Amino acid sequence: MKNDPASIDLAGLIDRYEVFFIDQFGVLRDDEKAYEGAVDALETLKKAGKTIVILSNSGRSGEHNVKRLAPLGFAPSSFDHFVTSGDVAYAMLAGSATSGKCFTISSGGDTDLADRLGMESVESSVDADIVIISGSESERIAMDDYREMLRPAAENNRPCFCTNPDLLKLSKGTVAPGAGAIADLYEELGGSVTRIGKPFAGIYEYALQLCGIADKASVICIGDSIDHDIAGAANAGLQSVLVETGILSDKNAEERNALMAEIDVWPTFIMKQFRA
């Protein structure tokens, strides 16, 4: 078992790295508000001349997420790019001959990706040519209900694209099953799922190319999920920081280490909270 990762603060990261890939939920904000000090921390990085990419497993576009962050106090000028798994999915699927009917599972009735692809959204997966899972409302919809929504498409062997692989989500101070957990249901039903976003390397490659970054040693990834942010950084050959906010906020060091040991993924550093 590896030793506990070293603790670090924002000043230490500024001294070591030039490019920052920062998770949204769990690092900058919860599901309702910005974390204390996060707005100032982002502005501190920007004033230090760093390249900042907010890297999020959101099925919506980066442009949409920028607008969603602004009311929480995060100025668009405090970061360089906002890259989402939805953006990567669009870049991937728009290059194919995707057309026809799409059944989307999301939050708030969002059909953004289907709309951008020019697909017709349908109310039942029995009518779908493809399935998109971009969000979860598991705080109000039972997982068994999601299973039954997906069953017809799985039985019809329709391809499924999960644009938010997060297994867990923050919801009103608690943790609930995320879109990735719903994608797992589809596979349990016999369906095939393509997952797009963290921890898969494609979203990191997209962000690196967007920034024109060749030197991976200059990049640090900051996130709250061992399974997605830390494992994703490792898969992409990047260093990482695990913050103690977000989905692991109720875990102590021993519990976090046990989770890391379970999948043999370890961050470069541990940070109490993303703040200056």
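Which element supplies the largest share of the lining of the largest pocket? In this predicted model, the answer is strand β9, with 4 residues. I shall begin with that pocket, then turn to the cavity, the salt bridges and a few points on the surface.

The largest pocket has a volume of about 730 Å³. Its lining comprises 36 residues, and those nearest the centre are F25, N57, R68, N164 and K169. Besides β9, which spans residues 168-171, helices α3 (62-69) and α9 (226-235) each contribute at least two residues to this lining. As for chemical character, 17 of the lining residues are polar, 14 are charged and 5 are nonpolar.

K169 deserves a second look. Listed among the residues nearest the pocket centre, K169 also forms a salt bridge with E139, at 2.9 Å from N to O. This pair connects distant parts of the chain: K169 sits in strand β9, while E139 belongs to the loop between β7 (130-133) and α6 (143-155), 30 residues away. E139 has a relative accessible area of 43% and is therefore classed as partly exposed.

A further set of salt bridges shares partners, and these join D23, K198 and D229 into one network. That brings me to the cavity, for the three residues of this network also appear in its lining.

How many cavities of 30 Å³ or more does a search of the whole structure find? The search returns 1. The volume of the largest cavity is about 50 Å³. Its lining consists of F21, I22, D23, L55, K198, Y204, C221, I222, G223 and D229. Strands β2 (19-22) and β12 (219-223) each provide at least two of these residues, and β12 gives the largest share, with 3. By class, the cavity lining holds 6 nonpolar residues, 1 polar and 3 charged.

Let me return to the salt bridges, of which the model contains 18. One of them pairs R60 with D110, at 3.2 Å from N to O. Here too the partners come from distant parts of the chain, 50 residues apart: R60 from the loop between β3 (51-56) and α3, and D110 from the loop between β5 (101-105) and α5 (112-116). Are the two partners buried or exposed? R60 is partly exposed, because its relative accessible area is 24%. D110, in contrast, is buried, because its value is 11%.

A local example is found in helix α5, where D112 and R116 lie 4 residues apart, about one turn of the helix. Their salt bridge has its closest N and O atoms 3.6 Å apart. D112 is at 16% relative accessibility and so counts as buried, whereas R116, at 30%, counts as partly exposed.

Finally, the surface. L167, L168 and V175 make a nonpolar patch of about 220 Å². V175 belongs to strand β10, residues 174-177, and its relative accessibility of 40% places V175 in the partly exposed class.

Two long separations complete the picture. S7, in strand β1 (residues 6-7), is exposed, because its relative accessibility is 67%. From S7 to I182 the C-alpha distance is 34 Å, across 175 residues of sequence. A75, in the loop between α3 and β4 (81-84), is partly exposed at 26%. The C-alpha atoms of A75 and F103 are separated by 34 Å, with the two residues 28 apart along the chain.

Key. Residues are numbered from 1 along each chain as its sequence is written. This is a predicted model: local features need pLDDT of at least 70, side-chain atom pairs count only at pLDDT 80 or more; totals for chains, interfaces and linings use all residues. Side-chain values use heavy atoms; hydrogens and water are left out. On a 1 Å grid over the protein atoms alone, a cavity is a set of points where a 1.4 Å probe fits but cannot get out, and a pocket is an open set with protein on both sides within 12 Å along at least five of seven lines; lining residues have an atom within 4 Å of a point. Grid points are joined across faces, edges and corners, and a volume is the space filled by probe spheres set on the points. Ala, Val, Leu, Ile, Met, Phe, Trp, Tyr, Cys and Pro count as nonpolar, Asp, Glu, Lys and Arg as charged, and the others, Gly among them, as polar. Patches are made of residues with over 30% relative accessible area and no salt bridge: like charges are joined within 9 Å, nonpolar side chains (Val, Leu, Ile, Met, Phe, Trp, Tyr) within 5 Å. Accessible areas come from the Shrake-Rupley method with a 1.4 Å probe; for residues, only the protein chains shown count as cover. A salt bridge is a side-chain nitrogen of Lys or Arg within 4 Å of a carboxyl oxygen of Asp or Glu. Buried means under 20% relative accessible area, exposed over 50%, partly exposed in between (1.4 Å probe, protein chains only).
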